[in-house]
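Welcome to a short set of exercises on reading a protein model. Try each task with the structure open, then follow the solution step by step.

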Amino acid sequence: MPELKRVLVCANPDLNYIDGSSIWAQTIALVFAETGLATVDFLAKSTPRRDELYQPLCKHRNINVVNGIREIGSASSMLAKRLTHSEMAEVAVKLEKKNDYDVIIVRGYAIAKELLDSPEVFRKCWIYLTDIPQSVEAYSEAEREEISEIGQRCAQLLCQTSGFRDLWKALVPSLPDEKCKLYPPVIPDIAGEPLPVASRQKQVVYAGKFKPDWMTLEMAETWPELYSNHPDAELRMIGDKIHFDSEGFQHRMKIALEHTPGLKWLGAMSREGVQAELHQARVGLSWRDEAMNETLEYSTKILEYGGAGCGAILNRNPLHEELLGEDYPLFANTQEQYINALDAALADDELAQIAADQLMAVAKLHTFGTRVGEASEWLRLLPDRGKITRSEETRKIRVLVAGHDLKFFTPLQKRLEETGKFEFLVDQWTGHNSHDEKKSLELLPQADVIFCEWCLGNLKWYSHHRLPHQRLVARFHAQEAKLPYMADAKWDAIDHIAFVSEHTRKNALGVFGLEENLTSVIPNGIDIERFCRVKKHGGAEFTLGMIGVVPRSKRLDRAIDTLEKLLDEDERYVLRIKGKHPLDYGWLLSRPDEVQYYKDLMNRVNSDPRLRFKVIFDPPGDDVPQWLSMVGYVFSPSDHESFHMAVGEGIAAGATPVVWNWEGAADIWGEPSVVRDCSEARDLVIKGEVDHSLKFPSSYILESVAERWEELVFGFYS
């Protein structure tokens, strides 16, 4: 099977703002990706923040959204900055050097001019321009020379209409016909028969930008007159991109949107949301200033109105008459004509249906499926990539790690860095739900993947702040099930949760109702090399060890009970505890029951001559392998654990595990290591010598675990 073509979309529209041009940019990426013949990199002009247009791109298997801000390296203002035209061109050149594209789709005259300075890149460019003078006479000699150079040196010209194709041919007479491809506006595929106009509510819809030439202020300001004649009607205006000028348009437009009787401002909506509105509308609005009547381009929105089964009020001009015929009933140029046309559309079912039918006939020629078919033919005409190899230089995936306790993740991070595929940023939280939000916001847009270690406040915060192009994964240990943060997370923003054991996953599925296919079990990874070189000291066969005895559920009392039973057999047994003294934890001091538990244990040890010097607290530190050289038996007397890393580290260092039968213990560490009470623990210890040959599953080895995480994280982008 031939290798998939590679396509880059480098377009001036910013998908964080919804209008016809940003929808065009989103749609052309989806069209080429949906052919199944190409992978598409979409160059984002600003850091993706909004789902409405970015989410379909991010979810598509053949599309990768590239954060242009990150590529240009302007980290200081990542959340606010938008790339300039020259920066867009600069990033496109950089990406081409890495990825060797077959097609680079460029929208924007200024970007195209910048790319002329990179001939090897420009020869792959398919140029789509609407922001150019639309008559030959409007070009100066220098501009004519420049536009001619663009037309001659690019690979293809994509023309929105036959008028643009004729303009290119007039500007560059030497252009071969096959170099100009028609690429008209695209609307979603039309499914089924739309609701007849007579069966619809009297809803009038405008969707798009708010701009003086778009007559949106006049639409709002004339509505009260129409509303008085049709009190059961409603004008619904969609969009949030309001033009700013020195004449106060933005202020007046906002007042009109917010305070006009019978007008409902819906703000920004996804394309799917807009479609739902249009399918309920009686008529759409696409009225423009008469100064725009000589335009060579037509609005995608009028096609969307038609595809949804409603007519539209639009200007009478040569382009629209060519599309719809001179007899289309809802043409309007002047304000008076507009009011009369809208009044007629609201009052006359038959007239409104005629307009809807005429517009539907045109819309059917502009569906998504039609464009996918055309793009497929274009891609098939390109030469096969053959054995062309990618550049060895590939961009690393940037992973942002967030959490309050990263001790389990740090060794994994090191292994993943060694693959050369990842680089890491760290958002160190100070507690379950406390962090420097300013720092988190600064780090956020720099990441491709966000990794939450523990599913606590970090997951809650990032699930509500992640950007559309990013992936959010998390690792669930155990305590999360008892805390409120998971319940407050935004579930549809989380791509995957890995659990350290099957029993914790099973419990969480029951508690939170997670979709099982979005979860997996990846155990904690144990660095065998770090522990296997440990040589046991004399006396290890009489030393019990615990790493961490807080909180109370770690059940230090069981270890002490077992020690007492062993001392009945041989006075050489000792219990060593690695970690902070329980009463040195500040948070524990606020829990009276826990404090009393440890005080009682300390009093018990200190008041018993036999125990006083047999329970030894060793300070915390990164010397666990050396500490384990003194330990023959690693204890896990807990009420519950998710995995218990200390057991695996003890085994790797040659200690025998003694594990109480908490849920999942036998599955993780094997039935022979599990005991039901202190008597069985005593018997396991005294039955013989320490078994230095004990092994545990290779899937727990750090290298294997790192491979699992590499497959998961890298799989989002491969």
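Let us begin with a definition: on a 1 Å grid over the protein atoms alone, a pocket is an open set of points with protein on both sides within 12 Å along at least five of seven lines, a cavity is a set of points where a 1.4 Å probe fits but cannot get out, and lining residues have an atom within 4 Å of a point. The model is predicted: local features need pLDDT of at least 70, side-chain atom pairs count only at pLDDT 80 or more, and totals for chains, interfaces and linings use all residues. Residues are numbered from 1 along each chain as its sequence is written, and side-chain values use heavy atoms, with hydrogens and water left out.

**Exercise 1. The second largest pocket**

Task: Find which residues lie nearest the centre of the second largest pocket, and describe its lining.

Solution:
- Step 1. About 1300 Å³ of space lies in this second largest pocket; a volume is the space filled by probe spheres set on the points, with grid points joined across faces, edges and corners.
- Step 2. Its lining has 48 residues, and nearest the centre are S21, R107, K209, W214 and E297.
- Step 3. Sort the lining by class: 17 residues are nonpolar, 18 polar and 13 charged. Here Ala, Val, Leu, Ile, Met, Phe, Trp, Tyr, Cys and Pro count as nonpolar, Asp, Glu, Lys and Arg as charged, and the others, Gly among them, as polar.
- Step 4. Look for the contributing elements: α1, β8, β11 and α12 each give at least two lining residues, and α1 has the largest share, with four. Helices (H or I, at least four residues) and strands (E, at least two) are DSSP runs, numbered from the N terminus.

**Exercise 2. The largest cavity**

Task: Work out which residues are closest to the centre of the largest cavity.

Solution:
- Step 1. There are five cavities of 30 Å³ or more in the structure, and the largest has a volume of about 100 Å³.
- Step 2. Its lining is made of 15 residues, with I18, I23, A207, V274 and K301 closest to the centre.
- Step 3. By class, this lining has eight nonpolar, three polar and four charged residues. Both α11 (271-278) and α12 (300-307) supply at least two of the lining residues.

**Exercise 3. A sheet of seven strands**

Task: Give the strand order of the seven-stranded sheet, and explain why β3 and β7 each have one side without a neighbour.

Solution:
- Step 1. Recall that strands of a sheet pair through backbone hydrogen bonds, either parallel or antiparallel. Two strands count as paired if DSSP finds at least two bridges between them.
- Step 2. Follow the open sheet across: the order is β3-β2-β1-β4-β5-β6-β7, with parallel pairing.
- Step 3. β3 (63-67) and β7 (180-182) are at the edges with a single partner strand each, so one side of each has no neighbour in the sheet.
- Step 4. Zoom in on β1 (residues 5-11) and β2 (residues 38-44), which are joined by five bridges; V9 stands opposite F42 in β2.
- Step 5. Add a helix: α4 (residues 85-99) lies across β1, β2, β3 and β4, at about 170 degrees to β1. Contact means heavy atoms within 4.5 Å, and angles run from 0 to 180 degrees between N-to-C directions, with axes fitted to C-alpha atoms, for helices over the stretch in contact.

**Exercise 4. A sheet of five strands**

Task: Which strands stand at the edges of the five-stranded sheet?

Solution:
- Step 1. This open sheet runs β10-β9-β8-β11-β12, and its pairing is parallel.
- Step 2. The edge strands are β10 (263-267) and β12 (311-314); each has a single partner strand, so one side of each is left without a neighbour in the sheet.
- Step 3. Between β11 (residues 283-286) and β12 there are four bridges, and L285 has I313 as its bridge partner in β12.

**Exercise 5. A charged pair**

Task: Explain why the salt bridge of K124 and D100 ties together separate parts of the sequence.

Solution:
- Step 1. A salt bridge is a side-chain nitrogen of Lys or Arg within 4 Å of a carboxyl oxygen of Asp or Glu. The count comes to 47.
- Step 2. The K124 and D100 side chains meet at 2.7 Å, N to O.
- Step 3. K124 is in the loop between α6 (119-122) and β5, and D100 is in the loop between α4 and β4, so the pair links parts 24 residues apart in sequence.
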